[in-house]
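Here are my notes on the model you asked me to look over. Have it open while you read.

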Amino acid sequence: MGDEIASSGVTLPVASDPTRRAFGLRRVGSFLRGSEEGLWRWGARVASLIPLVGLVFVLTVLAIKAWPAIKVNGPGFLTRSTWSPGSTYGAPVRTDGVLHPVGSSYGAWPLIAGTLQTSAIALIVALPISLGTAFALTERLPRWLSRPISFFVEILAGIPSVIIGLWGVLTLGPFLANHVYPFVSNNMPDVPVLRYFKGNVGYGEGLLTSGLVLGLMIVPIIASTARDLFMQVPPLPKEGAEALGMTEAEVARRVTIPWVRSGLIGATVLGLGRALGETIAVAMITGSILGQVSPNVYGTMTTIAATIVSQLDSAATDGTGFAIATLAEAGLVLAVISVVVNVVARVIVNRTSQHLAPVGRG
Amino acid sequence: MRNLLRSLTALALVSSGAIVALSLPASASTKIVTCFKLEKNVVHTKKFHGTCGAGWLRKRPKPKPVSYVSVETPGTAILSETGSTLLYPLWNIWAPAYQTEFPSVSVTTGGTGSGTGIADAASGTVDIGSSDAYLSSTQRTSTPSLLNIPLAISYQIIEYNIPGLTAHLKLNGTLLTQIYTGQITNWNDPAIAAVNPGVTLPNLKIVALHRSDGSGDTFIFSQYLTDSDATWASKYNFGTTISWPTIPNELGENGNGGMVSGCQATAGCIAYVGISYLNSVLSAGDTYAQLENGNGQYEMPTSKAVDLEAAGFTGKTPANGTISMIDGKINGGYPIVNYEYAIVNKNQSSATRAKAIRSLLEWTIDPSYGQSSQYLGQVRFEPLPVKIVTQSYKQIKTIQ
Amino acid sequence: MTVATVTDSYPSTRWRRFREHFFKGLSVASLIFVIGPSIWLIADVVIRAVPHWRWSVLTTVPVGVGGGLENAILGTLVIMVGVFLIAGTIGVLTGIHFAELQRSRRNGKAGGSFLRTATEVMAGFPSIVLGYVGYVALCVGLHWGFSLLPALIVLSIMVTPYISKSTESALRQVPTNYREGAEALGMSTGYALRKVVIKSALPGIVTGLLIALAIAVGETAPLLYTAGITNNLPSTSLVHQPIAYLTYYVWTDYNQPIKATQYLSFDAALILIVLVLVLLVSSRLLVNRTQRYAEGRH
């Protein structure tokens with residue numbers, strides 16, 4: 001049997017190998033190979049624990065630093081709108097055993113609202129564009145065009161967010177405020193929802209611009225995943241639908257998308273997570289106004305992440321440490337939102353992939 | 001497989017080649033020499049190509065030392081400074097000049113806001129924190145070894161962007177309070193017109209800019225409002241970060257730089273900016289206001305007015321430098337004047353580092369070096385009076 | 001027998017045709033809405049940076065208000081190498097764990113979903129929160145100050161999930177025949193991994209690594225609070241010495257009124273885009289080459 005295998009031209013690490021036998025390394029070799037297995041197993045197991053350890057560590061540090069603020073700010077933190085550090089140069093007072101400046105009152109409602117608003121706008125903008133792009137790349141464009149374009153979309157994913165913010169605040173914002181927003185604002189009918197689009201258009205820094213830029217940032221994430229998913233849809237169901245007389249739009253709507261629904265939800269949530277946590281581009285474009293929810297869609301506002309990055313240094317000047325604890329509390333809120341969104345998405349993905357199991361997909 | 005290896009090797013070679021090429025020091029075609037000149041007991045520094053110009057020497061001359069300051073010679077150290085954007089342009093002039101004198105010390109400067117300067121100095125992540133604001137009592141209690149050392153005298157202007165208007169409007173604390181609380185929303189408001197007879201004010205919405213980061217400029221501006229208007233004092237008080245009232249037209253900006261560029265881009269804006277940015281303000285086409293001081297006089301931010309205000313407070317400045325020179329009842333004094341502080345920890349990790357920090361700070365307060373007009377003049381700051389220099393020197397000597 | 005008329009409930013042909021054209025138009029329009037702004041963005045950076053570009057920007061450090069970006073370029077490269085080593089090792093091993101070495105559940109689905117969930121949760125985590133935790137726990141808590149090691153740790157935590165995900169998917173794409181053949185020949189799992197599986201999955205793994213490096217290079221918020229900033233070239237010490245990076249200059253200097261400083265910001269943006277392009281193009285070239293190799297001359 002050894003001759004048969006040897007003659008096929010493959011070198012094998014078996015005992016009949018003359019070199020190993022000659023040097024008597026056979027036992028050492030097999031010991032090393034045995035322990036190599038263990039090395040890989042344990043090395044990989046330890047490595048896989050590290051992200052979990054990192055997550056637990058981050059949440060723990062956040063909770064510890066935020067605890068004094070949680071005690072004093074209370075549940076009203078999530079609904080109040082003021083952001084007042086208090087009198088940092090006066091004598092501090094003690095509430096519930098926590099030292100803080102007189103008159104300090106923090107409310108994160110505008111921050112939470114801003115985060116949800118920008119992410120909502122980003123999703124509303126990005127989802128149709130990503131799906132349309134993915135369809136265009138897989139179905140409509142010829143191969144020689146779709147490969148460079150999908151590569152281009154991936155490049156967009158890699159562009160640093162600070163550069164996208166730079167473009168947004170220096171070029172896109174003023175352009176939109178001067179040419180697009182006035183037109184939209186003047187022509188909007190004064191009905192309940194669309195009323196939000198009327199009003200002072202500002203100078204380009206604000207909610208709508210940040211939402212649009214955020215949408216542009218998450219389009220590559222959803223589009224690349226959607227494109228990969230669409231390419232995996234087997235042609236048989238699609239061709240069958242076309243044979244039945246369905247138009248391309250109907251094939252897309254009734255065959256392709258349900259086939260990959262769970263993957264799409266996963267990709268969308270990934271994009272949503274990115275939008276919720278995006279810090280720098282939003283900090284550059286939102287105008288950094290604490291303490292109010294924007295009255296219309298053009299107004300300046302702030303998000304949790306943008307607030308943390310712009311206020312962290314000034315919070316450190318509060319000698320009692322209360323301002324930093326409050327920012328840690330805001331960060332904890334953001335972290336919890338992000339974790340919950342991700343976990344819910346994974347649950348949805350797991351459950352829908354259980355139900356689906358269509359024919360042809362083993 | 002082989003192709004994969006080839007591609008990876010090529011990539012690695014190219015990137016390491018790039019790293020090596022960039023690490024090599026740039027070779028100069030003509031050698032640039034640093035030459036010195038002693039003029040009026042002040043050492044001037046200038047760079048020439050090849051040889052020194054007439055009257056300039058290659059060897060650094062020693063000025064006659066003043067009795068109350070002496071600059072130590074440091075060892076090798078890498079120092080970092082960050083903080084006030086008002087002091088930042090001056091640090092960018094001081095640091096290269098200091099490094100020409102003492103090349104063994106390298107100084108990195110940063111303009112991140114006085115709040116960051118204080119915070120980083122307190123946490124030890126930076127060696128020297130710059131701040132236009134002195135330390136609060138809470139900060140002193142939590143980090144008792146922090147010093148605030150006056151390095152220069154600076155002041156603040158109120159700039160505005162009204163297209164077509166070049167006059168220096170008269171403004172006072174009450175008007176500014178009403179603007180920043182939203183009671184006055186338009187430039188042609190009768191309250192502003194009452195104080196400025198003879199000036200045609202346009203019908204233009206006021207956009208009030210404030211600093212969104214922790215700022216010494218916010219500190220001195222809010223102190224001015226607190227001292228001159230009772231409503232502001234009761235509701236908003238002063239600090240490096242305050243809770244700005246929400247009004248329909250406002251913007252938050254980062255740093256003095258952001259204030260200037262934000263005001264340039266926004267017609268009708270009003271902003272409080274440090275004097276070191278005056279050139280940028282003027283080249284942006286904006287102008288600044290005359291402010292009412294404690295005696296009811298409207299003063300322009302001139303060198304004379306600032307010196308008068310500072311002189312009025314020199315006697316009252318305590319040994320630790322903590323004093324506010326805002327809105328004093330001084331004839332002819334400009335009301336928003338402040339010391340620029342270096343926030344330093346008395347206890348340093350090593351003696352070499354402490355010596356380098358002392359040397360740098362002594363250099364900046366020495367009238368023959370840092371306090372000379374060749375540096376201060378570029379940012380329009382005023383030099384410290386002798387008494388304050390002596391007090392600062394005493395504080396610097398405690399850094400160990 | 002009456003024939004059920006379908007035409008009442010079924011949409012008319014005109015409506016369907018309209019929907020068809022609308023759909024086709026929408027997908028082309030979406031392409032334009034993606035490609036247009038992207039080209040605008042890159043062109044804008046190039047237009048702002050190129051007129052004032054000097055080659056000395058690559059070889060001098062910041063001096064006063066202007067100067068160059070040598071410290072930041074080298075700092076970014078050093079950070080890149082560090083993240084490659086730390087996050088690369090951890091991420092690849094994690095991916096191997098999920099793909100190969102995990103014990104399957106009884107119902108046939110992949111095991112270890114708790115660990116996988118935790119890893120994927122870290123993928124979308126807000127970067128500023130990680131930066132803050134790094135600052136509090138490492139820079140101030142362990143007294144490391146602004147330096148390279150906290151920056152590398154924080155960036156690695158951020159980027160590891162992406163590497164592990166791409167490694168896992170690359171490993172899953174290796175045909176089971178390879179593994180079965182290796183097992184039939186008597187190779188242990190670890191040996192088979194090293195000699196057979198990973199070699200086949202290597203292009204996918206390296207692509208994932210390069211993309212993760214591109215992400216790490218473009219991060220600002222976590223570095224602001226862990227790496228600090230300095231005008232000096234990167235030093236050899238891992239702690240107590242701050243390090244410069246390109247994104248700092250883009251974030252800090254973009255709205256400075258002094259033109260020389262603003263140009264520094266645009267130059268840094270241009271260099272960043274070039275760097276990211278190099279990384280992504282290399283990854284794509286790698287995939288193309290090895291695909292051709294695998295499909296062709298094997």
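The points below cover the chain A–chain B contact, one helix and one sheet.

1. Before anything else: this is a predicted model, so please read the points below with that in mind.

2. Let's begin with where the two chains meet. On one side, 23 residues of chain A make contact, and on the other, 29 residues of chain B. Two elements of chain A, strand E1 (83–84) and helix H12 (304–315), each give two or more residues to the side that touches chain B. The top contributor there is H12(A), with three residues.

3. What is that side of chain A made of: nonpolar, polar or charged residues? The split is 14 polar, eight nonpolar and one charged.

4. H12(A) deserves a second look. Twelve of its twelve residues are buried, so the helix is largely enclosed by the rest of the structure. Among the buried residues are Ile304(A), Ile308(A), Val309(A) and Leu312(A), but also Gln311(A) and Asp313(A).

5. Check the length of H12(A) too. With twelve residues, a straight helix would reach 16 Å at 1.5 Å a residue, but the end C-alpha atoms of H12(A) are only 14 Å apart.

6. Over in chain B, there is an open sheet of three strands, in the order E7-E12-E13, with mixed pairing. Strand E7 (170–171) and strand E13 (298–299) of chain B are the edge strands, each pairing on one side only.

7. How do E7(B) and E12(B) pair, and over how many bridges? E7(B) runs parallel to strand E12 (residues 290–292) of chain B, and the pairing spans two bridges. For Lys170(B), the bridge partner in E12(B) is Gln290(B).

How values were computed. Residues numbered from 1 in each chain as written. Chains lettered and ligands numbered in written order. Predicted model: local features only at pLDDT ≥ 70, side-chain atom pairs only at ≥ 80, totals over all residues. Contact = placed C-beta atoms within 7 Å. Helix = DSSP H or I, 4+ residues; strand = E, 2+ residues; numbered from the N terminus. Nonpolar A, V, L, I, M, F, W, Y, C, P; charged D, E, K, R; others polar. Expected span 1.5 Å × (residues − 1). Buried ≥ 20, exposed ≤ 12 C-beta atoms within 10 Å, placed from the backbone. Pairing = 2+ DSSP bridges.
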